[in-house]
2 protein chains.
Amino acid sequence: MPLPRFTDIVDALPETVPFVGPEAIERQTGIPVRARIGANESGFGPSPRVLAAMADAAPQIWRYPDPENHVLRTALADRLGISSDEVTIGEGIDGLMGLIVRMFIAPGDKVVTSLGAYPTLNYHIVGHGGVLELVPYRGEHEDLMALAEAAGRVGAKMVYVANPDNPMGSYWPVAEIEAFIAAVPEDCLILLDEAYGELAPADGLPEINTQKANVLRLRTFSKAYGLAGIRCGYAFGDRRIIRAFDRVRNHFGVNRQAQVAALAALADDDYLRQVQLKVAAARDRIGEIAIASGLTPLPSATNFVAVDCGRNGAFAMAVLKALANRGVFVRKPMVAPHDRCIRISVGPEAEMQMLAEALPQALQDAQGAV
Amino acid sequence: MPLPRFTDIVDALPETVPFVGPEAIERQTGIPVRARIGANESGFGPSPRVLAAMADAAPQIWRYPDPENHVLRTALADRLGISSDEVTIGEGIDGLMGLIVRMFIAPGDKVVTSLGAYPTLNYHIVGHGGVLELVPYRGEHEDLMALAEAAGRVGAKMVYVANPDNPMGSYWPVAEIEAFIAAVPEDCLILLDEAYGELAPADGLPEINTQKANVLRLRTFSKAYGLAGIRCGYAFGDRRIIRAFDRVRNHFGVNRQAQVAALAALADDDYLRQVQLKVAAARDRIGEIAIASGLTPLPSATNFVAVDCGRNGAFAMAVLKALANRGVFVRKPMVAPHDRCIRISVGPEAEMQMLAEALPQALQDAQGAV
């Protein structure tokens, strides 16, 4: 029987899951995840005030969400010191990325990103027929000037930078980011992913008012705010771009609990400061655990630490698998030379203790396996 | 300053909100909505077991949702008597529609739907450069044979039918739907929207095993299950089509509370039966209220009733506005001749009573206004 025909672009795409979730790993291996420190979630959880707001709002869940996300958008705009038509809300940064790529990338259009950077962006670009131009990292940093140069050279429609960076955890101070912005052609969209922005050092986030029309910034409630499961991110920038989201978005896509939870999270600055301190302490703790096993923790401006396992990608993969066998879920960079690292998310002390116990054993397992 | 260029398709699209939400109406008018009976939500709310499951799960909201939606997908497949790779979950039917259109509709491709049917589908089709072929209703029903004929005549990639229908509330029995399916060319995707399926008469839903490869069916937890705010819908059909969603979807798009709430809703058949009875009783109540004011309620297989106001579209709009001025939020069909109706969602008795009080006054207001 003939099947309805997919579009040519979709027909050529692979079926994929950008990240295999810990639940799928559990289903595949039969080994329960005891320490969930692989997806850069926040095991510290959201503010108790967020949970209280969600509980209060739950009986209203029969109502559709406000498709304009008005209350949350207004609160974010106030916080950022911009107008509410300069910010839009989406189903996490992943959802916003899909919309942004659809808005700007037609088949054959070029997008510049770093080799080994966030794979979900690449998924969306390929999914819309875009062409990736990949720029290697410089050391543990995205190579800003090489990215800007490539954007000009290939006539890119879009260039992507995460600051702080995932999966390496590095960051660039404001002056470097501003020089990068100045070096990119003005008709090329700069997608500045600040998912880890609330966890960055004070000099890691450019002023809002330095924005140019081609800079679109992305933030999320999934990381510092401990709300990965609720799916809520936002984009802010030039209002002509922000308004255009209304041409393509799923207007009722941001669920009602997300609107409520994000609003409450945004209002609880004390809790955010506590999390920032806990994240910093847990980064140090991961560093100590790594050093105690003879490994090298890399500096981090995020809620995870890339740990150099000292050998090649196969060895680091063996360490990751040995940790998984012991119920410790971590992830790792996949592109050389960073694939020598594993990437460990911060978490409460119970999870850090499980890591401390499992890592020496996992290293022994890995040395036997490779 | 030059702005990054949108794609040609997106550049030509209008900025839009497919439906103005009641919150936006409140902001515009300053009049609080007292009776929220316009968006075909379920004021009866979700099962208490759903709220309990959401409360239990809330502290885990720091975790990303399972991107494979495995538990919910398995439960739905069991319920439907199909394999778990024949069903996919999305951010409401609206979100799924966006993906389906992206999967099948390239610029210039034809889609057949009814004139005055669900506008969000049209939004997505136009948004992907598709071309709409609109078929008038036959009386208060979508004209199945005319839709099938148009699909063959224009070489449509897709044809859309909602059964039961929105905004008229009518439905076709199984035999008619099966004849329609048989009459549509096999390479044309039949998008069968069963958002109101759980509220339809027993003969309103085709057997699952009558499915052909080109039939993709859509259902939701927004209507009978009282979970419009959580954003969870599903599509089921041929596994080659279902698997292809993994090429384009936002894998982490379905939030964790939606997964939990939908699973609990699906397990509480007793509550669903109670809601079905309440909906039927409230439909009768709306009918009585309409008749008491000299209006004509149309038969409904859904959780709303289209009420014929007996004159033209301008008069029905005046009635709608007069109801809004009295805090009663309803919507209406926009295309003649159905625009003579207002569309009233069922709700608990308190809302029905507000309607009973406001409608005679609103009709007086409208008679003065038009």
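In this predicted model, chain A can be laid on chain B by a turn of 180° with a shift of 0.0 Å along the axis, and the RMSD is then 0.0 Å. The two copies are thus related as by a two-fold rotation axis. If you would like to find that axis by eye, look for Ala55(A): within chain A, its C-alpha is the one nearest the axis, at 3.4 Å. The copies also meet through the same surface, because 100% of the interface residues of chain A are interface residues in chain B as well.

Now let us step into chain A and visit a loop. Between α5 (92-104) and β3 (110-114) you will come to Asp109(A). A polar atom of the Asp109(A) side chain lies 2.8 Å from the backbone nitrogen of Ala106(A). What else does Asp109(A) touch, leaving aside its neighbours within four places in sequence? Its contacts there are Phe104(A), Gly130(A), Val131(A) and Lys157(A).

Further along the chain comes helix α6, which spans residues 119-127 of chain A. How many of its nine residues are buried? The count is seven, and the helix is mostly covered. As you trace α6(A), you will meet the buried residues Thr120(A), Leu121(A), Asn122(A), Tyr123(A), His124(A), Ile125(A) and Gly127(A). Here "buried" means a relative accessible area under 20%.

Carry on just past the end of α6(A), and you reach Gly129(A), which takes a positive phi of about 80°. From there, look for Gly130(A) and Val131(A), two of the residues in contact with Asp109(A), and you are back at the loop between α5 and β3 where Asp109(A) has its place.

Definitions and conventions:
Residues are numbered from 1 along each chain as its sequence is written. Chains are lettered from A and ligands numbered from 1 in the order in which they are written. This is a predicted model: local features need pLDDT of at least 70, side-chain atom pairs count only at pLDDT 80 or more; totals for chains, interfaces and linings use all residues. Side-chain values use heavy atoms; hydrogens and water are left out. Copies are superposed by least squares on the C-alpha atoms of residues with pLDDT of at least 70 in both. Contact means heavy atoms within 4.5 Å. Helices (H or I, at least four residues) and strands (E, at least two) are DSSP runs, numbered from the N terminus. A polar contact is a pair of N or O atoms within 3.5 Å; within protein, one must be able to donate a hydrogen and the other to accept it, and residues adjacent in sequence count only if both atoms are side-chain atoms. Buried means under 20% relative accessible area, exposed over 50%, partly exposed in between (1.4 Å probe, protein chains only).
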